[in-house]
Every structure is written in C-alpha cells, then in structure tokens.
Amino acid sequence: MTRTRTTLSELARLGFAELGRASTALAELDPAIGSDDLLPRFAGTADPDLALRQLARLDERHPEQLRSALRAAPSRVLRLLGASAGLADFLDRRPEHLAVLEHPLAVPPSAAALRRRLLDAVGADADAPVPEAELAGEDGRVALRVRYRAELVRLAAWDLEQPDGAAVLDLVAAALADLAAAALEASLAVARRTLATGALAEELPLTQLAIIGMGKAGARELNVISDVDVIFVGGSLDEQRVSSARGVELATRLAMETMRGIQELSIEPPLWEVDANLRPEGKSGALVRSLESHVAYYDRWASSWEFQALLKARPMAGDAELGADYLAAIAPKVWASAAREGFVESVQRMRERVTAHIPADEVDVQLKLGPGGCATSSSRSSCCSSCTAAPTSPCAGAGRSRRCGRWRPAATSAGSRRRSSSATTASCGCSSTASSCATCGGRTSCPATRRRCACSRARPGWRRVPRGSCSTGRRCASPCAVCTRSSSTGRCSPPWQPCRRTALGCRAIRPRRGSPRSASPTRAARSRTSPR
C-alpha cells in the first residue's frame with residue numbers, strides 16, 4: 001500500500017504543533033491501520049499531537065486490539081486518545097478494554113447500573129442486603145479499579161462525541177459521582193471479605209457502615225480529577241450480639257479498608273483520594289462515629305461552615321437505612337443554622353482565612369480558592385440557601401435571600417475602631433468590644449452558654465488582644481475567648497492554636513504593659529464577678 005507523504009502545512013492546518021515529530025510518526029505507522037484515512041480525523045481531537053503519540057504507542061504494543069477498535073469507531077478512538085493521557089495509559093496496560101469503544105453509550109448509565117457492574121466485577125451480589133465480594137485484598141482492588149476505568153472510558157467517549165459539551169455537563173458530572181459511589185460500594189464489599197476472618201466473620205454482617213458523600217460528590221457535580229469527600233457513620237444491627245461501641249470499632253476498620261481499596265498503591269494505580277476531613281473535629285476527630293455521636297456534635301459544637309458543608313450531603317454507599325437516618329437527623333439542624341447570631345459574618349471570616357493562606361503570587365490565578373473563584377461562589381450560594389431556608393432569621397439585606405445583603409462587610413468607622421481597642425470581657429467567656437459581642441451579639445443573655453453577658457463592662461488595666469498575637473505560655477485572665485476553655489494554670493488549652501469549634505484563632509486578654517501582675521483577676525474573683 002502506497003502512503004502519501006503529508007506536508008507540514010497540511011499538518012499545521014489539522015492542528016498539529018510538533019510538525020516534524022508528527023510527520024515522522026505518521027510515516028512510521030503500520031499501513032494496515034490506514035493512516036491516510038485517519039489523518040483528517042485528527043482535526044476533531046483536543047490535542048492532535050497527544051492523540052498521534054498514543055496511537056503510535058498502541059500500534060507498536062497492541063496492534064490487533066487497536067485495529068479492531070479503529071475499524072469499528074476510528075473517530076471515537078482518536079478523540080479519546082487526544083483528550084486523556086491517563087485513559088490512554090490504562091488502555092496500554094489493559095488493551096482488552098479497547099473493545100469498549102466499539103460499543104458506544106446511548107446515554108450515561110444509571111447509578112443502579114453502575115453499582116451492579118462494579119459489584120459484579122468483585123464477585124458481589126448487588127441484590128444482597130450486605131454485599132460481600134468473592135475477591136479479597138489485592139485481587140479485589142485490581143478488579144475494582146480496572147472495571148471503574150473501563151466504565152470511565154465509555155463515559156468519556158460518550159462525552160467527547162456530544163456536539164455541545166456544556167449541554168451535557170450536568171449529566172456527565174452526575175454520572176461521575178454515581179460511578180464514584182459504585183466504586184465505594186464495591187470497595188466496601190471487598191473490605192468485608194478481606195476482614196472476614198476468625199471471630200470477625202460473625203460480627204461483620206451485624207456491623208453498619210454508611211458512607212455519606214460531601215462536596216461535589218454529594219451534590220453529584222463531580223469532575224474526573226476530583227477527590228471524593230465523605231463522612232462515615234457506623235453502628236450495630238443487633239446490640240445484643242454486637243454492642244454499639246464494638247460496631248463503631250468494626251465500622252472504623254471497614255472504613256479504613258474501603259479507603260485503601262480506592263487510594264492505596266497497587267498493581268493498578270489508585271483511583272482518587274478519599275477525603276474524610278469534613279467529619280466532626282476534622283483530622284483530630286474519630287474516623288467513624290455513631291449516629292448519636294454525630295447528632296450530639298452538631299447540636300453542641302459544630303461551626304457554621306460545617307452546616308454549610310452538610311447542604312450537599314447524601315448517602316453514597318454502605319447501609320442505606322443508616323444513611324437515610326443520618327440525613328433525617330441532620331437536615332433540620334442544617335436549615336436552622338442560619339438563625340444563629342453572626343452566621344453570615346462567620347462564613348465571611350472563614351472565606352477570609354482561606355484566602356489569607358494563598359501565596360501572594362497565586363491569588364490572581366487561583367481559580368478554586370482565590371477571590372471570586374469556585375470556593376467563593378460555592379460559599380455564597382450555600383450561605384444564601386441556608387438563609388433562605390431560615391425565614392425567622394433577622395436580615396438587613398434584600399434580594400432573593402433575606403440575608404444576602406449582609407454578605408458584604410460593613411464599613412468600620414473611626415469611632416468603632418477606637419472602641420475596639422478598649423478592654424471588655426463577658427462573663428460568658430467571649431471577647432468583644434464595647435459595641436458588640438462575638439458570641440452573644442449584644443444580647444442580655446449569651447445563647448451559647450445561657451449566661452448573662454457583661455460585654456459593655458470594661459475592666460481597668462485590661463485590653464483585647466488580636467487573634468493569634470499571644471505567645472505560647474502567656475497566662476490567660478479568663479477562659480479562651482473563642483473556645484471558652486482554660487486549664488487550672490490559667491493557660492489556654494490548647495495554647496494559641498485554632499479552636500476546633502470555630503476554626504478561628506483563640507482570642508485572649510492579657511495585662512497592659514506596665515500593669516502589675518496583681519491586677520490580674522484570679523479565677524475565684526472572676527467567678528464571683530460573673531453573674532449567671
């Protein structure tokens with residue numbers, strides 16, 4: 001078969017950038033794949049140079065599988081190879097899955113279909129109340145990851161064939177989230193099989209573990225390279241045989257093994273990171289809690305941003321009944337959180353903290369965390385959603401949400417700045433200025449502690465210290481102003497670290513320079529002067 005030599009100008013018109021390399025690669029392709037017929041199709045790829053490099057690699061290593069796929073769907077193969085080096089690497093490792101490109105999708109598969117396919121891949125019964133895989137350990141992980149990527153190839157090929165990518169964005173994002181949920185379900189089934197040895201074989205079937213999706217996974221708006229945010233809820237189906245504490249302990253082992261199945265190094269590369277840091281107390285908290293422990297935390301300790309994060313929560317995998325119970329218990333608290341004093345202001349402070357940690361040279365190019373980026377849009381929309389769902393909350397703004405207008409920071413007058421330097425400490429433990437209180441908002445009674453506030457009562461010889469300005473070991477004149485904790489030595493516990501309840505730095509007060517240490521009120525004096 002005679003091949004026509006392609007000129008560099010023709011390659012440039014098709015979108016190639018590496019003209020010399022492209023010309024050489026085309027000349028070296030096996031004539032059996034019909035490179036002359038393929039050449040015009042490179043114009044429809046996202047990166048013609050990448051598509052040609054991957055095509056040449058597959059032609060060299062897996063010619064039979066590649067030719068079969070090209071005969072059935074040449075444009076589909078080239079579009080995929082030109083869009084993702086990662087999926088091309090997968091097809092190089094597993095050339096038998098080139099065959100999935102010969103059978104295109106009509107529409108993205110449903111969540112139930114994806115769940116069944118991934119459970120089938122590990123030998124688990126999708127109709128069982130508690131699916132358990134036949135494959136365990138490394139074998140189960142490899143089978144799960146290979147099937148996941150095969151489904152991802154089919155979905156990506158369908159997405160790339162659509163004439164209007166924006167029109168199908170929501171469908172693809174939802175399908176990616178459903179595929180992630182199916183992977184978690186299959187990994188949990190493998191984890192049950194892996195751990196079912198000895199006495200655990202009788203206890204694990206009675207152990208509940210619900211995997212709650214958060215963030216983009218929970219909202220079914222996932223993208224290909226996203227990590228998956230989750231919260232784990234554990235329990236026992238029969239507390240007579242497996243106590244609640246034992247159920248949480250076993251659920252923790254299941255959760256850890258499930259995460260390994262997704263993200264631990266293996267023969268088949270990891271899929272993505274399973275991020276459980278949105279759980280109560282973050283990295284410092286238990287990986288798995290019971291439903292009652294979750295409810296207690298959100299009743300007493302949770303910050304406003306944690307309720308915002310729960311707006312997108314949904315059960316993704318594991319025990320469906322426990323997941324539904326979790327949502328039923330948490331949802332009312334999420335919508336009621338906007339009625340808290342200072343809700344909008346606390347959301348603003350959290351965004352300011354995030355922005356402050358971005359390096360100065362990256363602020364203008366940080367699309368996710370920078371000002372006006374994805375995180376800002378998400379934070380504002382969830383704030384407005386919460387406030388709209390809390391019609392009894394006060395609002396000084398206007399628009400669709402009764403609190404929307406409060407998002408903009410209020411201007412600070414010179415007089416208010418002068419007042420903020422004066423010393424004030426409430427008996428409830430909050431640190432504030434004479435004009436306002438960070439905890440009670442100027443009320444007579446503090447809603448957090450039910451104790452009477454004395455926010456406008458200045459103490460001679462004392463002043464408010466900005467957050468984080470105290471040094472480690474400085475004695476506190478009162479409990480920590482943010483977390484309201486103090487030790488018997490009068491030191492903040494933990495000393496000057498971000499408070500887990502509010503994610504803000506501790507605020508404390510100390511003597512003015514030159515003030516005698518005897519002026520520091522003792523704990524006994526504070527308790528006498530702090531009316532309840």
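**Cores, a buried serine and two positive phi angles**

Me: In this predicted model, which residues touch the most other members of the largest nonpolar core?

Reply: Of the 89 residues in that core, Phe42, Leu55, Leu101, Leu184, Val228, Phe232 and Trp272 touch the most other members. Helix H10 (residues 169–195) gives the most to this core, with 16 residues. Apart from it lies another core, of 17 residues, which includes Met214, Val233, Leu291 and Tyr298.

Me: What makes such a group of residues a nonpolar core?

Reply: The term is used for buried residues of kinds such as Leu, Phe and Trp that are joined through side-chain atoms within 4.5 Å. In soluble globular proteins, nonpolar side chains tend to be buried together.

Me: Which residues does Leu101 touch, if those up to four places away in sequence are not counted?

Reply: Leu101 touches Ala73, Arg76, Val77, Leu80, Leu91, Val153 and Ala157 on that count. Arg76, Val77 and Leu80 are listed among the buried residues of H6.

Me: Why is helix H6 (residues 74–83) described as largely enclosed by the rest of the structure?

Reply: The description follows from burial, because 7 of the 10 residues of H6 are buried. These are Pro74, Arg76, Val77, Leu78, Leu80, Leu81 and Gly82.

Me: Why is Ser226 called buried?

Reply: Ser226 has a relative accessibility of 5%, and buried means under 20%, so Ser226 counts as buried. This serine is found in the loop between helix H12 (215–218) and strand E2 (228–236), and, residues up to four places away in sequence not being counted, Ser226 touches Lys216 and Trp272.

Me: How do you know that the side chain of Ser226 makes polar contacts with Lys216 and Asn223?

Reply: The side chains of Ser226 and Lys216 are joined at 3.1 Å, while the contact between the side chains of Ser226 and Asn223 is 2.4 Å. A polar contact requires a pair of N or O atoms within 3.5 Å, and both pairs are polar contacts on that basis.

Me: Why is Arg220 called partly exposed?

Reply: Partly exposed covers the range between the 20% limit for buried and the 50% limit for exposed, so Arg220, at 37% relative accessibility, counts as partly exposed. The place of Arg220 is in the loop between H12 and E2, and this residue has a positive phi of about 55° although it is not a glycine.

Me: What makes Glu281 partly exposed?

Reply: The relative accessible area of Glu281 is 27%, which lies between those two limits, so Glu281 is partly exposed. Glu281, which is not a glycine, has a positive phi of about 70° and sits in the loop between strand E3 (274–275) and strand E4 (288–290).

Note on methods. Residues are numbered from 1 along each chain as its sequence is written. This is a predicted model: local features need pLDDT of at least 70, side-chain atom pairs count only at pLDDT 80 or more; totals for chains, interfaces and linings use all residues. Side-chain values use heavy atoms; hydrogens and water are left out. Helices (H or I, at least four residues) and strands (E, at least two) are DSSP runs, numbered from the N terminus. Buried means under 20% relative accessible area, exposed over 50%, partly exposed in between (1.4 Å probe, protein chains only). A polar contact is a pair of N or O atoms within 3.5 Å; within protein, one must be able to donate a hydrogen and the other to accept it, and residues adjacent in sequence count only if both atoms are side-chain atoms. Contact means heavy atoms within 4.5 Å.
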